[in-house]
Amino acid sequence: MGKFSRRPYEGQRPGADVAKRNKERMRGRIRVKSPQEFAISERKRRLSDLEQEISRERDPQKREPLYKKYANLAASCPPEVFTPDEIKGIERHSSLSDGDILRSFQKNYFQGSRPDFLPLHHLVKLLSKPVSPNSDDRFVYLLGSISAAPDEIYLRNIKGLEYFLLTFAGRMSTGHYLDLEADRRRVQIQSHNEEGFQDRDVIVTQLRSQLHTARINQSDHYTLRRIKDGNHRVSVPLHIIAEQRRYVDDGSSQVIMVSYATTRA
C-alpha cells in the first residue's frame with residue numbers, strides 16, 4: 001500500500017484512490033494550489049495561529065516571546081501575505097485622503113481584520129515597514145478623530161497623545177512604566193488595567209495632571225524620544241500628529257481632525 005493511500009476496500013486495487021484523485025486533478029475537477037499559493041496560505045495560517053496562542057496565554061513572561069515571533073513574522077511577510085493595515089487601528093497615510101475612509105471615522109476608525117494587541121516596542125516594527133518600494137506613503141496608528149473647528153487641532157492632538165500613552169501603558173506588565181521624552185520633557189506613565197478612556201475617568205485626569213506638571217502643552221505635533229516600554233527600548237522616535245482633513249458627505253463639505261502616531265514625520 002502506498003505511503004499516502006488509504007487501506008483499499010475489499011476487492012479494490014491498492015493505490016486506486018490515489019490514481020483516481022490524480023486523474024481528477026488532471027481533468028481540472030480538483031483544484032491544486034501552486035507552491036506559491038501554498039506558501040502564502042501557510043504564512044497566513046501561522047500568523048492566525050500565533051494570534052490564537054497569544055490570546056490564550058495569560059503569563060506575561062510567556063507572552064513576550066510570542067509577541068516577538070508574531071511581530072517579526074508579520075514584518076517579514078510580503079504584501080500578498082500581510083500588510084500592517086490589516087491590524088485594527090493601522091492605516092496607510094494616503095488613506096486619510098479617501099472620503100469613504102474619513103466618513104467611516106465618524107462611526108468607527110478601528111478597521112482591519114486582525115486584532116490590535118502588540119506592545120509598543122513590537123508595534124513600531126509594523127509602523128516602520130515600507131508601504132511599497134520607492135513610496136513616500138507610510139503606515140500610521142490612529143489615535144482618534146473628531147468633527148471640529150479648525151482651531152481645535154491642538155486640543156485634538158493632546159487628546160491623541162493621552163490616548164497613546166494610556167493605551168500602551170496598559171499593555172505592559174504590572175509595576176512597569178512607559179518612560180519617554182515628549183518634546184524633550186520627560187514623563188512616566190505606570191502600567192494599568194483600565195480600558196475605554198473618558199474625560200471624567202480618574203486615570204485620564206491623573207495623566208493630564210502629569211502632563212501639566214511636565215509642561216507638555218497642547219500642540220499639533222509631538223516628538224517622542226528615548227522611549228522605554230517597561231524593560232524594552234523602542235528603537236525609533238515616534239511622532240504624534242494631528243491633521244485637518246476635508247471630505248464631502250451628502251453634497252456638503254465636512255472637516256475632521258485626525259490624530260495618529262507614526263515613525264516618520
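These legends accompany close-up views of a predicted model.

**View 1. How confident the predictor is along the chain.** Before zooming in, here is a quick word on confidence. Across the protein the pLDDT averages 87, and 86% of the residues score at least 70. Residues 1–5 are a place for caution: their pLDDT stays under 50. For this stretch the model has eight contacts beyond four places in sequence.

**View 2. The largest nonpolar core and the helix that gives the most to it.** This core has 51 residues, and the members that touch the most others are Leu-120, Phe-164, Leu-165, Leu-178 and Leu-224. Helix H6, residues 153–169, is the top contributor to this core, with seven residues. A second core, separate from this one, holds 11 residues, among them Ile-241, Ile-256, Val-258 and Tyr-260. Looking at H6 itself, 13 of its 17 residues are buried, leaving the helix mostly covered. Its length also fits a helix: 17 residues at 1.5 Å a residue should span 24 Å, and the end C-alpha atoms of H6 are 24 Å apart.

**View 3. The surroundings of Leu-178.** Here we stay with one of the core residues that touch the most other members. Which residues does Leu-178 contact, leaving aside its neighbours within four places in sequence? The list includes Leu-120 and Leu-165, along with Phe-168, Ala-169 and Met-172. Val-187, Gln-188 and Ile-189 are also in contact with Leu-178. Ile-227, Lys-228 and Asp-229 complete the set around Leu-178.

**View 4. Strand S5 and its pairing partners.** Strand S5 covers residues 221–229 and pairs with strand S3, residues 177–182, in the antiparallel sense over four bridges. Within this pairing, Asp-179 has Lys-228 of S5 as its bridge partner. S5 also pairs with strand S7, residues 238–249, again antiparallel and over four bridges. To find this second pairing, look for Leu-224, whose bridge partner in S7 is Leu-238. Leu-224 also appears among the residues that touch the most other members of the largest nonpolar core.

**View 5. The hairpin of S5 and S6, with Arg-226 along the strand.** S5 and strand S6, residues 232–233, run antiparallel and are joined by two bridges. Lys-228 stands opposite Arg-233 in S6. How many residues lie between the two strands of this hairpin? There are two, and Gly-230 in the hairpin takes a positive phi near 70°. A further backbone feature belongs to Arg-226, which has a positive phi of about 50° although it is not a glycine. Arg-226 lies in strand S5 and counts as exposed, at 65% relative accessibility.

**View 6. The two sides of helix H3.** H3 runs over residues 60–76 and has 17 residues; from its first C-alpha to its last it reaches 24 Å, close to the 24 Å expected at 1.5 Å a residue. Its buried residues are Arg-63, Leu-66, Tyr-67, Tyr-70, Ala-71, Leu-73 and Ala-74. Why do these count as being on the same side of H3? Because they cover an arc of only 165° around the axis. The buried residues of H3 pack against helix H2 (35–56) and helix H5 (120–127). On the face turned away from the buried side, look for the exposed residues Gln-61 and Lys-69.

**View 7. Helix H7 and the residue that follows.** The 12 residues of H7, 202–213, reach 17 Å from first C-alpha to last, close to the 16 Å expected at 1.5 Å a residue. Ile-203, Val-204, Leu-207 and Leu-211 are the buried residues of H7. These fall within an arc of 100° seen down the axis, so they line one face of the helix. They pack against H6 and strand S4 (185–190). The other side of H7 carries the exposed residues Val-202, His-212 and Thr-213. After H7 comes Arg-215, with a positive phi near 60°.

**View 8. Asn-134 in its loop.** This last view picks out Asn-134, which has a positive phi of about 60° although it is not a glycine. Where does Asn-134 sit? Its place is the loop between H5 and strand S2 (139–146). With a relative accessible area of 83%, Asn-134 is exposed.

Definitions and conventions
Residues numbered from 1 in each chain as written. Predicted model: local features only at pLDDT ≥ 70, side-chain atom pairs only at ≥ 80, totals over all residues. Heavy atoms only, no water. pLDDT = per-residue confidence, 0-100. Contact = heavy atoms within 4.5 Å. Core = buried A, V, L, I, M, F, W, Y, C linked by side-chain atoms within 4.5 Å. Buried < 20%, exposed > 50% of the residue type's maximum accessible area, 1.4 Å probe, protein only. Pairing = 2+ DSSP bridges. Expected span 1.5 Å × (residues − 1). Arc of directions from axis to C-beta.
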